[in-house]
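Biologist: Please take a close look at one part of this model, the surroundings of the ligand. What lines that site, and what can you add about the loops and helices elsewhere?

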Amino acid sequence: MNRLPNHADTIVIGAGITGLCLARSLATQGVSVALLEAAGAPGGLLAPKLLNGVSVDSYYHHIFVSDLRTRRLLDGLDLTRALAWRTTSVSLLDEAGFHPLTSPLDILRFKELSLGEKVRLALLVRHARSIEPAGLDDVLARKWAVSLAGPVVWERFLRPLVEAKFGAAAPRVSAAWLAGRIGCRSNRGLRGERLGYLTPSFHALVSRLAGDLEPVLWCSEPVEGIVIEGGRVTAVSAGTQTVTCRDVVFTGGANALAKILAGMDDLLPDLASLAFQGILCGVFAVDSPSRGAYWTNVTVPGAPFNIVVQQDLLEPVKGGRGIVYASRYVDPETARAAHRERELDAMQEGLRAYFGIDPSAISDRELAVTDDAGIVYATGTRAVIDSLRPSVSGFHVAGMLTSFPDRSIEQSVAGAEDLARALAGA
Ligand SMILES: Cc1cc2nc3c(=O)[nH]c(=O)nc-3n(C[C@H](O)[C@H](O)[C@H](O)COP(=O)(O)OP(=O)(O)OC[C@H]3O[C@@H](n4cnc5c(N)ncnc54)[C@H](O)[C@@H]3O)c2cc1C
């Protein structure tokens with residue numbers, strides 16, 4: 001790999017989907033760009049893992065029919081034919097067992113709610129789809145749901161959803177996240193929700209973008225600091241090198257940004273008040289069929305995971321065995337301290353106990369871990385995100401740190417393309 005350049009008009013920090021899209025859009029608009037990635041390969045949360053020699057997504061991913069910017073990007077890259085649209089299944093696993101929740105009929109059969117409560121749930125869903133969720137940033141998810149649908153709907157139907165995503169931080173989560181999530185996930189036909197999966201994996205998108213950017217992409221180059229002179233950013237430091245620039249865009253998570261800005265706390269004073277979460281995600285190659293749905297929220301007390309995703313029930317990985325993801329959102333410290341084998345053993349035992357997956361049917365396994373899996377969308381998050389406008393000119397933040405009321409590939413693509421247009425036009 002080449003030595004870093006001495007100068008680039010724009011330096012993009014991080015080659016996840018945000019950084020890749022941003023660098024590509026800037027390059028096509030004639031801006032000289034350098035894309036610096038800390039890891040040994042591009043992709044960020046869309047980076048792959050090798051199981052039995054086959055490349056699979058490290059974390060479960062799909063896109064929604066409404067993700068129009070992502071679909072347009074895939075189209076422009078001639079990847080639309082690689083997108084498989086499938087009707088998927090969803091379930092909840094609690095102490096009473098599995099509850100299928102795929103179709104409106106399943107929800108009608110859901111024994112934990114009375115008919116009246118199901119009607120109130122339907123009204124809440126309709127309301128969530130009709131409003132702008134960001135306006136609910138100051139309202140607790142629980143308060144909003146109880147006021148619209150009552151405590152039982154919250155306890156038995158919505159709380160498990162929030163807890164699967166935010167674990168111990170769930171009580172602080174805002175109605176903005178919950179209403180946004182309900183809005184995008186309730187677009188179901190009679191047979192369930194249609195989701196898109198990029199074959200052979202979402203890394204196909206990363207590889208394609210990274211291939212186009214090869215001359216300006218540098219991996220294993222963690223940016224360690226930024227240089228500020230006269231109220232504007234003038235360079236970044238990576239290893240022993242300094243690269244001068246006009247603009248810098250950071251696209252990673254809060255923990256990584258805090259490291260770069262160490263000692264410059266006044267630059268983004270509210271950064272520390274943003275709660276981020278990590279994730280432990282076991283990826284298992286499984287030879288036998290198992291119970292449950294494509295997506296299962298697990299609320300059994302003591303279970304080693306909150307979400308289990310069975311990739312085969314969306315689209316099998318070509319050339320691979322059945323892939324099962326078993327994950328648990330945790331605080332960043334727990335993610336950093338995780339013991340790989342111990343976590344995988346506990347998840348494997350959980351898959352045996354709850355999903356009937358015999359350990360002998362598991363032919364390979366990996367643990368994907370990050371301390372920057374996403375923001376905890378607690379009340380007041382929008383105000384903090386809005387304040388993340390650095391006081392020095394030329395320094396910008398994009399990606400997960402600016403996505404609200406949730407983060408997604410779609411938000412990354414749209415945010416990156418919009419920022420590229422603004423920077424190129426500046
Ligand atoms: C378990 C899980 C499941 C998900 N499922 C879905 C889904 O189904 N659909 C969907 O739309 N979204 C999903 N998402 C969200 C989606 O993955 C993210 O929103 C998106 O990938 C974020 O991309 P990004 O480029 O903004 O950030 P990242 O992918 O985190 O990329 C940031 C990059 O910056 C690099 N970096 C950080 N610090 C430095 C530094 N100092 N120097 C150089 N490089 C640095 C990192 O190494 C990383 O490669 C999921 C996320 C998780 C965790």
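Modeller: A residue is near the ligand if its C-beta atom, placed from the backbone, lies within 6 Å of it. The model is predicted. On that basis, 39 residues surround the ligand. The closest are Gly14, Gly16, Gly44, Gly252 and Gly399. By type, the shell divides into 20 nonpolar, 15 polar and four charged residues. Several elements each supply at least two residues of the shell: helix H1 (17-28), helix H9 (254-260), strand E14 (276-286), strand E18 (362-375) and helix H13 (409-425).

H13 also borders a loop with a cis peptide bond. The loop between strand E19 (395-397) and H13 holds proline 405. The bond from phenylalanine 404 to proline 405 is cis, with omega near 5°. Another cis bond runs from threonine 199 to proline 200, with omega near -5°. Proline 200 sits in the loop between strand E9 (193-198) and helix H8 (203-212).

Now the loops with positive phi. Aspartate 78 has phi near 65°. Its loop joins helix H2 (68-76) and strand E6 (83-88). Aspartate 78 counts as exposed, because it has 9 C-beta neighbours inside 10 Å and the cut-off for exposed is 12 or fewer. Serine 220 has phi near 55°. Serine 220 is partly exposed, with 13 other C-beta atoms within 10 Å.

Last, a helix pair. H4 (115-130) and H6 (151-166) pack at about 80°, with axes 10 Å apart. That makes H4 roughly perpendicular to H6. Glu117, Arg120 and Leu121 of H4 meet Val152, Val153 and Phe157 of H6. The contact residues divide into four nonpolar, no polar and two charged.

Definitions and conventions:
Residues numbered from 1 in each chain as written. Predicted model: local features only at pLDDT ≥ 70, side-chain atom pairs only at ≥ 80, totals over all residues. Axes fitted to C-alpha atoms, helices over the stretch in contact; angles between N-to-C directions. Helix = DSSP H or I, 4+ residues; strand = E, 2+ residues; numbered from the N terminus. Parallel < 35°, antiparallel > 145°, perpendicular 65-115°, else oblique. Contact = placed C-beta atoms within 7 Å. Nonpolar A, V, L, I, M, F, W, Y, C, P; charged D, E, K, R; others polar. Buried ≥ 20, exposed ≤ 12 C-beta atoms within 10 Å, placed from the backbone.
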